[in-house]
Amino acid sequence: MLLGMDISIALKNFNGSYDVKKFSLFETSKISERFPSLKLKTVNKGINIEVKCPVCDNFHYYRYSFNELIKGEVIVGGCEILGIPLFYIGNYDKVKQRVDRCNNVNRSLYAMM
Ligand SMILES: [Zn+2]
């Protein structure tokens with residue numbers, strides 16, 4: 001029995017801010033419904049992630065083990081080409097904290113423009 005398989009993912013959208021969703025590692029197909037640019041597949045003891053990058057327009061691929069995911073640290077997946085974070089995965093509160101910071105920065109940048 002695996003416990004604590006509910007994790008959160010925050011994905012950068014085309015406006016440059018992040019959308020946060022909670023999901024279960026047992027229902028990875030649901031996450032693709034909510035994030036059409038993200039494909040998440042459960043594989044042997046881990047997950048594969050494919051992201052259509054909103055920054056450089058390429059596909060990026062990632063692989064994480066369940067151990068990494070449930071350890072409690074926030075995992076950051078970035079655009080390999082531009083070195084910009086694209087998504088955060090992990091505990092909801094921690095993920096939310098990270099993206100709130102980014103979203104606030106974006107909002108104040110837009111306010112200045
Ligand atoms: Zn990219």
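Q: A residue counts as exposed if 12 or fewer other C-beta atoms lie within 10 Å of its own. With that in mind, what makes D57 exposed?

A: In this predicted model, D57 has 8 other C-beta atoms within 10 Å. The cut-off for exposed is 12 or fewer, so D57, with 8, is exposed. D57 sits in the loop between β4 and β5.

Q: What is notable about the phi of D57, given that it is not a glycine?

A: D57 has a positive phi of about 75°, although it is not a glycine. Its place is in the turn of a hairpin that β4 and β5 form with 6 residues between them.

Q: How do you know whether K45 is buried or exposed?

A: Count its neighbours! K45 has 8 C-beta neighbours inside 10 Å. Since a residue with 12 or fewer is exposed, K45 counts as exposed. K45 lies in the loop between β3 and β4, and it has a positive phi of about 60° without being a glycine.

Q: And what about N67: how do you know that it is exposed?

A: Here the count is 9 other C-beta atoms within 10 Å. That falls under the limit of 12 or fewer, so N67 is exposed. N67 belongs to helix α2, residues 66-70. Its C-alpha atom is separated by 14 Å from that of N48, which is 19 residues apart from N67 along the chain.

Q: What makes strand β1 mostly covered?

A: In strand β1 (residues 6-12), 5 of the 7 residues are buried. To be buried, a residue needs 20 or more other C-beta atoms within 10 Å of its own. Over the protein chain, buried residues make up 18% of the 113 residues.

Q: How do you know that β1 and β2 pair?

A: Two strands pair if there are at least two bridges between them. β1 and β2 (residues 18-24) have 7 bridges, so they pair, and they do so in the antiparallel sense. You can find D6 opposite S24 in β2. The two strands form a hairpin with 5 residues between them, and G16 in the turn has a positive phi of about 90°.

Q: How do you know that β1 also pairs with β7?

A: Use the bridge count again: 4 bridges join β1 to β7 (residues 85-90), and the two strands run antiparallel. At least two bridges are needed, so β1 and β7 pair. L11 stands opposite F87 in β7. F87 is also the bridge partner of G77, and 4 bridges join β6 to β7 in an antiparallel arrangement.

Q: Which strands are called edge strands in the open sheet of 4 strands, and what makes them so?

A: The order of this sheet is β2-β1-β7-β6, with antiparallel pairing. β2 and β6 (75-78) are the edge strands, as each pairs on one side only. From one strand to the next, the twist averages 20°.

Q: Why do β3 and β5 stand at the edges of their sheet?

A: The open sheet of 3 strands has the order β3-β4-β5 and antiparallel pairing. β3 (38-43) and β5 (59-65) each have a single partner strand, so one side of each is left without a neighbour in the sheet. The twist averages 15° between one strand and the next.

Q: How do you know that β4 pairs with β3 and with β5?

A: 6 bridges join β3 to β4 (residues 46-52), and 7 bridges join β4 to β5. Each count meets the requirement of at least two, so both are pairs. L38 stands opposite V51 in β4, while G46 stands opposite S65 in β5.

Q: Which residues touch the most other members in the largest nonpolar core?

A: The core has 17 residues, and I9, A10, L11, F87, Y88, I89 and V99 touch the most other members. Two or more residues come from each of β1, β2, β4, β7 and α3 (92-112). Not counting residues up to four places away in sequence, V99 touches A10, Y18, V20 and Y88. Nonpolar side chains tend to be buried together in soluble globular proteins.

Q: Why is the protein chain called as compact as a globular protein of its length?

A: The protein chain has 3 helices and 7 strands, in the pattern β-β-α-β-β-β-α-β-β-α. Its radius of gyration is 14 Å, close to the 13 Å that the globule rule gives for 113 residues, so it is as compact as a globular protein of that length.

Definitions and conventions:
Residues numbered from 1 in each chain as written. Predicted model: local features only at pLDDT ≥ 70, side-chain atom pairs only at ≥ 80, totals over all residues. Axes fitted to C-alpha atoms, helices over the stretch in contact; angles between N-to-C directions. Rg over C-alpha atoms; globule rule 2.2 N^0.38 Å. Core = buried A, V, L, I, M, F, W, Y, C linked by C-beta atoms within 7 Å. Contact = placed C-beta atoms within 7 Å.
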